[in-house]
Each structure stands twice: as structure tokens, then as C-alpha cells.
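Colleague: I am new to this structure and would be grateful for a close look at a single part of it, namely the salt bridges and the helices that carry them. Please set that part within the whole before turning to the details.

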Amino acid sequence: MANKSGGKRIKGIIYCVLSFILSLIFFTLSYSIVLEVTLFNKSFYLENMNAVSYFADKKNEIVRSLTDLGYASGLDEEFFKGVVDEVSLNELTQQYLDNYFDGKGTEIDTTDFQQTFTKALDKYIADNNITVSDASSRNYMTKRAMSIYRNSLEIPLFSAISAYFLKIKFALPFVIGGCIILIALIIILFVKTTEWKHRALKYTYYATAGSFLSVMVVPAYVLLSKGAAKINLTSRALYHTFVQCSNSIMIALLICALLLGVISLALAVQHHNMKKKVSES
């Protein structure tokens, strides 16, 4: 009798450990899925950029920087507004994201901008009868304008994580697939190794309840504390995009947490009903 009781206790401990492991796998699966559809999905960035008028803000930032550059040469702001447009910024950003996600680096092609800027500058000089005594100053302005344009379109975070980005992106589908397989195996193990099926439900809802709480912690804290809004970025366009992306990720995590909570509640109710039937019989 004592051996039987001890065996049940050991079996219960094993189930609790498996339930904890299952909770960790649900947690990993939730975050992996969210990362797959957000940070490692290039359309996610474009959608959030459009949501906060990124390209309009970015155009204004570039025009202001170019205007400061042109003050010494007497170029007015209207000149620079004519050489920067939102359509080109959108196209270059899409190309930038395509190259980054394809592992082709983060170089931004400023050839079209250089041609547009050079033609506009030549026309401005001719229309205003300006005499250019030193060609080197004109060349310097063109190079500085290209540099400002290129640097303004770069996303600093991409350069910082470029060494790991593609590796993580490649690994995520395998992590998601592995998590799904492990979840299935552990649940099958619960079902096959216990005489009372309601116990399998009990340990499964323990796992989903634990993962519900753990997945919810970070997004709840970030959203309630408005942590993303406290970051300091000099670019208004990048700041609003970062906050928008961060909030979108946190909301996606909350949705995953709520889904786990609903599953946990459904399993708990089913466990209670099955246990009640067993007790009555």
C-alpha cells in the first residue's frame, strides 16, 4: 500500500514537472509566433510606418537638415522641398527592407536622389544667374546632401542587430514547429499514462494558466507604464514608428495571453465536469 502511495506521489511530481515544462513551451511558442509576424516580417514595419505618417515626417526632417546645409549657399527651403518627395522615400525604404531581409546589407542607393539634386541645383543656379567660382564647393554640397539623405533613411537598430537578425529569422520557424511537436507529445503522454483522463486536463490547464500569466506580464507592464514612449530618439519619425511598433507587438502578445487564458478556462471547466462525473459514478 505504501509503495502504491509512493508511486502515485512520484507520478504526480513527474506530471507537475512536465506541466511546468509545457508552460515554458507555450510561453516560447507565443513569443516566437509574435516575433515571426512582427519584428521578422518586413510588411509589419511598412504598415506601422504608414500608420504614423512616417514618410511625411521623414521628408520634413530631411528637408530641415538639407536647408541647414544650404544656408551658407543661399539656397531657400523651397528648393529642397522639390528634391525630396514621399513616394521616393517610400520606395527606397521598401528596397532597404527587402535588401535587409534578404541578407544583402543595409546600403541605401542614392543614385536617383543625386541625379535629382544635381539637376535641380543646376537649374537653380541658371535661373538665378549665380556664378559658381569653385566647383569643389558645389561637389561638396552634393556629397553632403547625399550623406544626409542616406543617413536619414537608415534604421539604427537594423545595423546593431544585423549579425543576428537573419540567424534568428531562419531559426524561428523551426522553433515554432518544435514547440508544437513537443506540446503534442506531452499532452499525448498525459492522456496515455493516466487512468483518469480528467487528470490529463488538469495538468494541461495548469500549463496554459501558467503560460497565460507569464506571457501577459511584459506587455501589461510596458503598456501600462508607457515604457516605449520613454525612449529618447532624435528623429520624430523613428520615435513614433518605434512606439507604434512596440505597442503593436505588446498588443499581439496580450492577444496570445488572452487566448491561452481562454483555453485554460475551458480546460478547467471541462476538468471540473469530468471529475464530477467520475465522483458520481
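Modeller: The protein in this predicted model has a radius of gyration of 29 Å, whereas a compact globule of 281 residues would have one near 19 Å. Along its principal axes, the C-alpha trace spans about 105 × 35 × 25 Å. The secondary structure consists of ten helices and zero strands, and the pattern read along the sequence is accordingly α-α-α-α-α-α-α-α-α-α. Of the 281 residues, 37% are buried.

Against that background, the salt bridges may be taken in turn. A search of the whole structure finds four of them, and three are described here, beginning with the pair formed by lysine 42 and aspartate 98. The side chains of these two residues meet with an N to O distance of 2.8 Å. Lysine 42 belongs to helix α2 and aspartate 98 to helix α5, so that the bridge links distant parts of the chain, 56 residues apart. Lysine 42 counts as partly exposed because its relative accessibility is 31%, and aspartate 98 is likewise classed as partly exposed, at 30%.

A second bridge joins arginine 236 and aspartate 57, with 3.6 Å from N to O. Arginine 236 lies in helix α10 and aspartate 57 in helix α3, and the pair therefore ties together parts that are 179 residues apart in sequence. Aspartate 57 has a relative accessibility of 14%, and so it counts as buried.

A third bridge is found between lysine 58 and glutamate 61, whose closest N and O atoms are 3.2 Å apart. Both residues are in helix α3, and because they are three residues apart, about one helical turn separates them. Lysine 58 counts as buried, with 2% relative accessibility. Glutamate 61 is also buried, its relative accessible area being 11%.

The helices named above have further features. Helix α2 covers residues 42-51, and Phe44, Tyr45, Leu46, Asn48 and Met49 are buried in it. Helix α2 is followed by serine 53, which is placed in the loop between α2 and α3, the latter covering 54-70. Serine 53 is not a glycine, yet its phi is positive, about 55 degrees. Most residues other than glycine have a negative phi. With a relative accessibility of 43%, serine 53 counts as partly exposed.

A similar backbone feature occurs before helix α10. Lysine 226 sits in the loop between α9 (197-225) and α10, and this residue too has a positive phi of about 55 degrees without being a glycine. Lysine 226 counts as exposed, at 59% relative accessibility.

Helix α5, the helix of aspartate 98, covers residues 86-101 and also contains tyrosine 96. Tyrosine 96 is buried, because its relative accessible area is 2%. The C-alpha atoms of tyrosine 96 and lysine 197 are 54 Å apart, with their positions 101 residues apart along the chain. Glutamate 91 is another residue of helix α5, and at 52% relative accessibility it counts as exposed. Together with Asp85, Glu86, Asp109 and Asp112, Glu91 forms a patch of negative charge on the surface.

Helix α10, which holds arginine 236, covers residues 236-280 and includes lysine 275. Lysine 275 is partly exposed, having a relative accessible area of 44%. Lys275 gathers with Lys8, Lys11 and Arg199 in a patch of positive charge on the surface.

That positive patch leads to helix α1, where lysine 11 is placed. Lysine 11 is partly exposed, with a relative accessible area of 36%. Its C-alpha atom is 9.6 Å from that of threonine 193, although the two residues are 182 residues apart along the chain. Helix α1 covers residues 2-37 and also contains valine 17, which counts as partly exposed at 44% relative accessibility. Val17 joins Ile13, Phe20, Ile21 and Leu24 in making a nonpolar surface patch of about 460 Å².

To return to the request, the bridge between lysine 42 and aspartate 98 links α2 with α5, the bridge between arginine 236 and aspartate 57 ties α10 to α3, and lysine 58 and glutamate 61 are paired within α3.

Terms used
Residues numbered from 1 in each chain as written. Predicted model: local features only at pLDDT ≥ 70, side-chain atom pairs only at ≥ 80, totals over all residues. Heavy atoms only, no water. Patch = residues over 30% accessible without salt bridge, like charges linked within 9 Å, V, L, I, M, F, W, Y side chains within 5 Å. Areas by Shrake-Rupley, 256 points an atom, 1.4 Å probe, with all protein chains shown as cover. Salt bridge = Lys/Arg side-chain N within 4 Å of Asp/Glu carboxyl O. Lys, Arg positive; Asp, Glu negative; His and termini not counted. Charge placed at Lys NZ, Arg CZ, Asp CG, Glu CD. Helix = DSSP H or I, 4+ residues; strand = E, 2+ residues; numbered from the N terminus. Buried < 20%, exposed > 50% of the residue type's maximum accessible area, 1.4 Å probe, protein only. Rg over C-alpha atoms; globule rule 2.2 N^0.38 Å.
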